[in-house]
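Hi,

Here is the structure I promised to pass on to you. Have a look at it first, and then read on for what turned up in it.

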Amino acid sequence: MIARRAARERATPASERLPASEKLQVVGPRGPGPRAARGFRVLLAHDARAATCDALALALESSMANVEIVDASSIDDALLASSTERFDAFLVCLDLPPAPLGGVRLASELVETNHPVVLVTRSLRWVPPDRPALLELPWIPPDAAPGEITRAIEAATSDCDSMVRSRAPLSSDMLRAQAVRARR
């Protein structure tokens, strides 16, 4: 069985925690037999201080079954997550600080590594002319309807070849790589 800590355990002080028997949530059997399918993972990179993409997250949850939305509020957070975890799609808002260049830079780096990207913007006029690859990406407004979101994600994922994407490095590989860079 796979067990993970309940979210409420992390949020409550140690003096108010439940007995050990109630602290773990049983997720499911491990071994032969039916298992729940892995959910669809989406990274939503946007300015967390602005409420612009809040409606998008709600519409995404209602448009797809079994979706996990990971929120990234900076370029560095999004790049770290993309290099260490596997995502099925990336929604990059051009309001990501420093707007619009933050979102443009993140989207460009993700496209260069063959990740499926959907731009979140009201207009493509914010995309600089020196980034023609971004002009060909599917895009949606922050208040997009669930059907629009699904079509944009389908368009983005159909363009990416999953065989080309590299596997995320193991944590020990990442630590070793950072140590080498620090010595130079």
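One thing before we start: this is a predicted model.

Let's begin with two helices, α4 (residues 75-84) and α5 (residues 101-112). Their axes come within 10 Å and cross at roughly 15°. An angle under 35 degrees counts as roughly parallel, so that is the word for how α4 and α5 lie to each other. The crossing of this pair is right-handed.

Which residues make the contact between α4 and α5? On the α4 side you'll find Ile75, Ala78, Leu79 and Ser82. On the α5 side, look for Gly102, Arg105, Leu106, Glu109 and Leu110. Sorted by class, the contact has five nonpolar residues, two polar ones and two charged ones.

Now for the sheet. It is an open one with five strands, in the order β4-β3-β5-β6-β7, and the pairing is parallel. The edges are taken by β4 (67-72) and β7 (139-140); each has a single partner strand, so one side of each has no neighbour in the sheet.

If you want to trace the pairing yourself, start from β5 (residues 89-93):
- With β3 (residues 40-45), β5 pairs in the parallel sense over four bridges. Leu43 is the residue standing opposite Phe90 of β5.
- With β6 (residues 117-120), β5 also runs parallel, and four bridges join the two. Here Cys93 has Val120 in β6 as its bridge partner.
- Further along, β6 and β7 run parallel and are joined by two bridges. Leu119 is partnered by Trp139 in β7.

And where do the two helices go relative to this sheet? Helix α4 packs on the sheet and touches β3, β4 and β5, with its direction at about 160° to that of β3. Helix α5 lies across β3, β5 and β6, and runs at about 160° to β5.

Last, a closer look at β5. Are its residues buried or exposed? Five of the five are buried, so this strand is largely enclosed by the rest of the structure. Try following the side chains along it: Ala89, Leu91 and Cys93 point one way, while Phe90 and Val92 point the other way, and all of them are buried.

A good way in is to find β5 on your screen and then work outwards, with β3 and β6 each joined to β5 by four bridges.

Cheers

Definitions and conventions: Residues numbered from 1 in each chain as written. Predicted model: local features only at pLDDT ≥ 70, side-chain atom pairs only at ≥ 80, totals over all residues. Heavy atoms only, no water. Axes fitted to C-alpha atoms, helices over the stretch in contact; angles between N-to-C directions. Parallel < 35°, antiparallel > 145°, perpendicular 65-115°, else oblique. Left-handed = near helix turned anticlockwise from the far one by under 90°. Contact = heavy atoms within 4.5 Å. Nonpolar A, V, L, I, M, F, W, Y, C, P; charged D, E, K, R; others polar. Buried < 20%, exposed > 50% of the residue type's maximum accessible area, 1.4 Å probe, protein only. Pairing = 2+ DSSP bridges.
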